[in-house]
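Hi,

Here is the structure I promised to pass on to you. Have a look at it first, and then read on for my notes.

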Amino acid sequence: MKFYFVRHGQTDSNKNGRASGQQDVPLNEEGIQQAVLAVNDISNDFDVIYCSDLFRCRQTAELLNNKLN
């Protein structure tokens with residue numbers, strides 16, 4: 001069994017040096033690209049993806065899921 005931990009992609013808050021905490025901020029364009037590129041670095045043999053309920057985390061997980069089916 002393997003586990004992969006992937007941090008959400010960049011948000012405007014991250015880019016500006018601000019912590020988002022529980023604020024529900026979306027990924028920016030760079031963050032979307034980071035999530036798409038992360039798929040190239042991990043196996044596509046997944047049974048399940050778990051993520052936080054924060055929007056930026058769900059966006060990242062959905063982008064990974066789209067590529068990993």
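Below is what was found in it, taken topic by topic.

Please keep in mind from the start that this is a predicted model.

The helix pair

A good place to begin is with helix 2, which covers residues 29–38, and helix 3, which covers residues 55–68. The two pack with their axes 9 Å apart, at an angle of about 40°. Angles under 35 degrees would count as roughly parallel, and 65 to 115 as roughly perpendicular, so helix 2 and helix 3 are oblique to each other. If you turn the view to look along the crossing, you will find that helix 2 passes helix 3 in a right-handed sense.

While you are at helix 2, look for G31, which lies in this helix. Its relative accessible area is 0%, so G31 is buried. How far apart in space are G31 and H8, C-alpha to C-alpha? The distance is 7.5 Å, although 23 residues separate G31 and H8 in sequence.

The segment before helix 1

Helix 1 spans 12–15, and F3 is found in the segment before it. K2 also belongs to the segment before helix 1, and T11 has its place there too.

Are these residues buried or exposed? F3 has 62% relative accessibility and therefore counts as exposed. K2 is exposed as well, because its relative accessibility is 69%. T11, on the other hand, counts as buried, because its relative accessibility is 0%.

F3 is also part of a nonpolar patch on the surface, which it forms with M1 and F5. Together, M1, F3 and F5 have about 540 Å² of accessible area.

Pairs across the sequence

Some residues of this segment can be placed relative to later parts of the chain. The C-alpha atoms of K2 and S43 are separated by 9.6 Å, while the two residues are 41 apart along the chain. For T11 and E62, which are 51 residues apart along the chain, the C-alpha separation is 16 Å.

One more pair brings in the loop between helix 2 and helix 3, where I42 lies. With buried meaning under 20% relative accessible area, I42 counts as buried because its value is 17%. I42 and Y4 are 38 residues apart in sequence, and their C-alpha atoms are 7.7 Å apart in space.

I hope this helps you find your way around, and do write back with any questions.

Best wishes

Conventions: Residues are numbered from 1 along each chain as its sequence is written. This is a predicted model: local features need pLDDT of at least 70, side-chain atom pairs count only at pLDDT 80 or more; totals for chains, interfaces and linings use all residues. Side-chain values use heavy atoms; hydrogens and water are left out. Patches are made of residues with over 30% relative accessible area and no salt bridge: like charges are joined within 9 Å, nonpolar side chains (Val, Leu, Ile, Met, Phe, Trp, Tyr) within 5 Å. Accessible areas come from the Shrake-Rupley method with a 1.4 Å probe; for residues, only the protein chains shown count as cover. A salt bridge is a side-chain nitrogen of Lys or Arg within 4 Å of a carboxyl oxygen of Asp or Glu. Helices (H or I, at least four residues) and strands (E, at least two) are DSSP runs, numbered from the N terminus. Buried means under 20% relative accessible area, exposed over 50%, partly exposed in between (1.4 Å probe, protein chains only). Axes are lines fitted to C-alpha atoms, for helices over the stretch in contact, and angles run from 0 to 180 degrees between N-to-C directions. Angles under 35 degrees count as roughly parallel, over 145 as roughly antiparallel, 65 to 115 as roughly perpendicular and the rest as oblique. A crossing is left-handed if the near helix is turned anticlockwise from the far one by less than a right angle, and right-handed if clockwise.
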